Amino acid sequence: MDMQSVMNEKKEKKNNSTSNESKKEIPSVFSVKNLNLWYGEDQALKEINFEIPEKQVTAIIGPSGCGKSTFIKTLNRMVEMVPIVRTSGEILYSGKNIFDSKFRVEELRTKVGMVFQKPNPFPKSIYENIVYGPKIHGIRNKKVLDEIVEKSLRGAAIWDEVKDRLHENAFGLSGGQQQRICLARCLAIEPDVILMDEPTSALDPISTLKIEELVQELKKEFSIVIVTHNMQQAARISDKTAFFLNGEIIEFDDTNKLFSNPSDKRTEDYITGRFG
Ligand code: ADP
Ligand code: MG
């Protein structure tokens, strides 16, 4: 399917369901202000200003090496695990700057979950994968943990496939199932935000579709930021899209607008496949 048909199909769906949705002012879950980031001497993010809307799907697109992964790992401060990282600027979450020395990073990480490109379940049973986070937070009651497991696995649309094998090793599942286990593990800590870094790039088309459908379902409850190099995927599943290039945001707009009528020539060149 070409990009125009993806967009038309999406427009129809939107018209049928929500007529006024785009006119409402949507609050931001993150307000990024003048963010810069360096790996040693190399600047990877440049003066990023970005309002990430609540309970929407925000896609980040752009060629390889333009700072997409760096950016989303900044939102939960995971990027600082690389010792040479330096940042300037602010990221406000619930009105507080996450770089503030008083800001509690552990709390941030319980509110901002992440799913990676390659499924990375722990080498443990399905059950233990899901209860890992809740147990760290001190939940010990078996009945409560059982409930969390069922709710999280249902939320990630994998309960029916695994309910009879919860105590088998998660490595025995297919790649697509493993990715949904990782998503369930993320839901188990009850986050506000789910960050996804190319979550379907290692999956087959059917598993990809399942994750895409799931994202549509999850945005009712969570704010989702998804990095994807698949522009059709961005067009299909996101409300807003940001185009990154060389560590800068070139354009950020409603997904329909960005793909049908981009404002910047570089966005147009990228989405029409002239580079990248
Ligand atoms: P993308 O996800 O868009 O492909 P990245 O965020 O991974 O881009 O990388 C952006 C830039 O930062 C690249 O130039 C990359 O080489 C550099 N970079 C990423 N991770 C590191 C690291 N751990 N140490 C040094 N440089 C890094
Ligand atoms: Mg990346």
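## Exercises on the fold and on helix 5

In this predicted model, 67% of the contacts in the protein between residues at least 6 apart in sequence join residues at least 24 apart.

**Exercise 1.** Work out how the radius of gyration of the protein compares with what the globule rule gives for 276 residues.

*Solution.* Begin with the inventory, in which the protein has 11 helices and 10 strands. The radius of gyration is 19 Å, close to the 19 Å that the globule rule gives for 276 residues, so the protein is as compact as a globular protein of that length. The C-alpha atoms fill a box of roughly 55 × 45 × 35 Å along the principal axes, and 49% of the 276 residues count as buried. As for the surface, the protein exposes about 13900 Å², of which carbon and sulfur atoms supply 48%.

**Exercise 2.** Determine which residues of helix 5 are buried, and which exposed residues are carried by the face turned away from them.

*Solution.* First take the helix itself: helix 5 spans residues 142-155, and its 14 residues reach 20 Å from the first C-alpha to the last, close to the 20 Å expected at 1.5 Å a residue. Next, applying the cut-off of under 20% relative accessible area, the buried residues of helix 5 are L145, I148, V149, S152 and L153. These residues cover an arc of only 120° around the axis, which puts them on the same side of helix 5. Their cover includes helix 4 (126-136), helix 6 (159-162) and helix 7 (175-187). Finally, the face turned away from the buried side carries the exposed residues K143 and K151.

**Exercise 3.** Describe what is found at the start of helix 5 and what follows this helix.

*Solution.* At the start, a side-chain oxygen of N141 reaches to within 2.8 Å of the backbone nitrogen of K143. Helix 5 is followed by A157, whose phi is positive, near 55°.

Notes
Residues are numbered from 1 along each chain as its sequence is written. Chains are lettered from A and ligands numbered from 1 in the order in which they are written. This is a predicted model: local features need pLDDT of at least 70, side-chain atom pairs count only at pLDDT 80 or more; totals for chains, interfaces and linings use all residues. Side-chain values use heavy atoms; hydrogens and water are left out. Helices (H or I, at least four residues) and strands (E, at least two) are DSSP runs, numbered from the N terminus. The expected span of a helix is 1.5 Å times one less than its number of residues. Buried means under 20% relative accessible area, exposed over 50%, partly exposed in between (1.4 Å probe, protein chains only). The arc is that of the directions from the helix axis to the C-beta atoms. Contact means heavy atoms within 4.5 Å. A polar contact is a pair of N or O atoms within 3.5 Å; within protein, one must be able to donate a hydrogen and the other to accept it, and residues adjacent in sequence count only if both atoms are side-chain atoms. The radius of gyration is taken over C-alpha atoms; the globule rule is 2.2 Å times the number of residues to the power 0.38. Accessible areas come from the Shrake-Rupley method with a 1.4 Å probe; for residues, only the protein chains shown count as cover.
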